[in-house]
Amino acid sequence: MTLRDFDAGAFLRDHWQQTPLLIRNAFDHWANPIEPDELAGLACEDCVQSRIITRLEQAWELEHSPFPESRFTQQARAPWTLLVQSVDHHIASVASLLDLFRFVPNWRVDDVMVSYAVDGGGVGAHFDHYDVFLVQGLGRRRWEIGALCDDDTALLPHDGLRLLADFQPTQEWILEPGDVLYVPPRIAHRGTAIGDDCMTYSIGFRAPSRGELIEAWADDMVPDLSDSDRYEDPHLVQQDNPGEIGADAIERMQGMIAELLQDQTRFARWFGQYNTAPKNPEIDWRPEHPASADDIRQWLAAGTPLVRNPASRFAFIRQSPSSVLLFADGHCFACRDAAADLAQRICAEVQTMVAPDCDPEVLELIAALFNEGSLAFDSPD
């Protein structure tokens, strides 16, 4: 399945983080990746984050997973929607949807949330702080688009939902299976199911806030700072007023902080680890017994391809033409030459074939990723 007649360059130039875009019949052959019953089954599992949102006459009701199976056989009191997070981490056919949107860098991808709604179901008018592609899987859904929002936009009082208090739609479309709607960050939107068995795949992208970055970066730096690394003023001169904090002191203290913040090499390594930290670490592919390089070579000799754990995150930063830092599940691997080539292939390919006569550094890298549960061999065993 591929995107049909889609110009990624034109989309990024004209619409990405700018304006919504409706793409009719976006795929050469659309096939719904997961059935409603299978989605409901995921929502009953302890390790899967999901919600049910019910639209009452004067309010919204929010329920959190896990749900008993009986929850989906009850007679509906009002229009409701089931939302299941990170379905791509559990269902390979859903994960394959991400391959269609690789014109956006992998490190920006968050997950694929899947929603199922009965007639009239929806989550209400809201806005997100990130880009999203809304892929219609089954049934029909009406999407309404409104104005650009910000932190001052009025919201309805609700502890668990951020719903707009005043939504005025300016555009409206009805999506059929295989249609895609792109919505930029902070654009108000509302989706409502038209008929039962309405399924939508929301492909969301990560957009860390300045506050999140500063807090996490500082948390990483502080443990390595020496308590003896303190403010000094060896050329102190007497002030006219002892109550003044002088400009020189302010500049020197700010410089103590800025010097660390501007360490781009350290920041790059930290961000690679921070960005690839697993979202669902409970999806654990680590082997019962660690594999050696010899074990890896034997599996490669059998012609078995390597596959990525769907819950794992991979990225790399280029250091030189022949070396990269590979990041996987919050770990950093310094790779050179053949190992660097493999690292880049792993980041780009769903399955990776490696020759058994590869360099020892390649075997060591594969063994490390295999033993961490980031990679596995695609075989019945």
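## A walk through the fold

Let's start with contacts, meaning heavy atoms within 4.5 Å: among those in the protein between residues at least 6 apart in sequence, 78% join residues at least 24 apart. Keep in mind that this is a predicted model, where local features need pLDDT of at least 70 and side-chain atom pairs count only at pLDDT 80 or more, while totals for chains, interfaces and linings use all residues. Residues are numbered from 1 along each chain as its sequence is written, and side-chain values use heavy atoms, with hydrogens and water left out.

Now for the overall picture. The C-alpha atoms fill a box of roughly 75 × 70 × 45 Å, taken along the principal axes. Inside that box you'll find nine helices and 15 strands; these are DSSP runs numbered from the N terminus, with helices being H or I of at least four residues and strands being E of at least two. Of the 381 residues, 42% are buried. Here buried means under 20% relative accessible area, exposed means over 50%, and partly exposed is in between, using a 1.4 Å probe and protein chains only.

In soluble globular proteins, nonpolar side chains tend to be buried together. A nonpolar core is a set of buried Ala, Val, Leu, Ile, Met, Phe, Trp, Tyr and Cys residues joined through side-chain atoms within 4.5 Å. The largest one here has 38 residues, and those with the most contacts inside it are Ile-34, Leu-39, Val-87, Phe-133, Tyr-201 and Ile-203. The elements giving two or more residues to this core are α2 (36-43), β4 (80-84), β5 (109-117), β6 (132-148), β8 (180-183) and β9 (187-205). Another core, of 27 residues, lies apart from it and includes Leu-342, Cys-347, Cys-358 and Leu-363.

Let's look at β6 and its partners. Strands of a sheet pair through backbone hydrogen bonds, either parallel or antiparallel, and two strands are counted as paired if DSSP finds at least two bridges between them. β6 runs antiparallel to β9, with 13 bridges joining them. Antiparallel pairing also links β6 with β8, over four bridges, and five bridges join β6 to the antiparallel strand β7 (residues 171-175). Val-135 is a handy landmark: its bridge partner in β9 is Tyr-201, and its partner in β8 is Val-180. Elsewhere, Val-132 has Val-183 as its bridge partner in β8, and Arg-141 stands opposite Leu-175 in β7.

β8 deserves a stop of its own. Both of its faces are covered, with Val-180 and Tyr-182 on one side, Leu-181 and Val-183 on the other, and all of them buried. Besides its link to β6, β8 pairs in the antiparallel sense with strand β1 (residues 21-23) over three bridges. There, Leu-21 stands opposite Tyr-182.

On to empty space. A pocket, on a 1 Å grid over the protein atoms alone, is an open set of points where a 1.4 Å probe fits, with protein on both sides within 12 Å along at least five of seven lines; lining residues have an atom within 4 Å of a point. The largest pocket holds about 1,100 Å³ of space. It has 43 lining residues, and the closest to its centre are Arg-51, Gln-85, Met-113, Asp-128 and Tyr-130. β2 (50-55), β4, β5, β6, β9 and α6 each supply at least two residues of the lining, and β9 gives the most, with six.

That brings us to helix α6 (residues 264-276). Its 13 residues should span 18 Å at 1.5 Å a residue (the expected span is 1.5 Å times one less than the number of residues), and its end C-alpha atoms are 18 Å apart, which agrees. Trp-270, Phe-271, Gly-272, Asn-275 and Thr-276 are buried in α6. The buried residues of this helix pack against α4 (210-221), β11 (314-320) and β12 (323-328).

Finally, there's an open sheet of three strands, in the order β14-β10-β15, with antiparallel pairing. Its edge strands are β14 (351-352) and β15, each pairing on one side only. Strand β10 (residues 306-308) meets β14 over two bridges, and Val-307 stands opposite Gln-351 there. In strand β15 (residues 375-377) sits Ala-376, which is buried, with a relative accessible area of 15%. Leaving aside residues up to four places away in sequence, Ala-376 touches Trp-285, Pro-305, Leu-306, Val-307 and Phe-370. Ala-376 and Pro-305 are 71 residues apart in sequence, and their C-alpha atoms are 8.5 Å apart in space.

How values were computed: Grid points are joined across faces, edges and corners, and a volume is the space filled by probe spheres set on the points.
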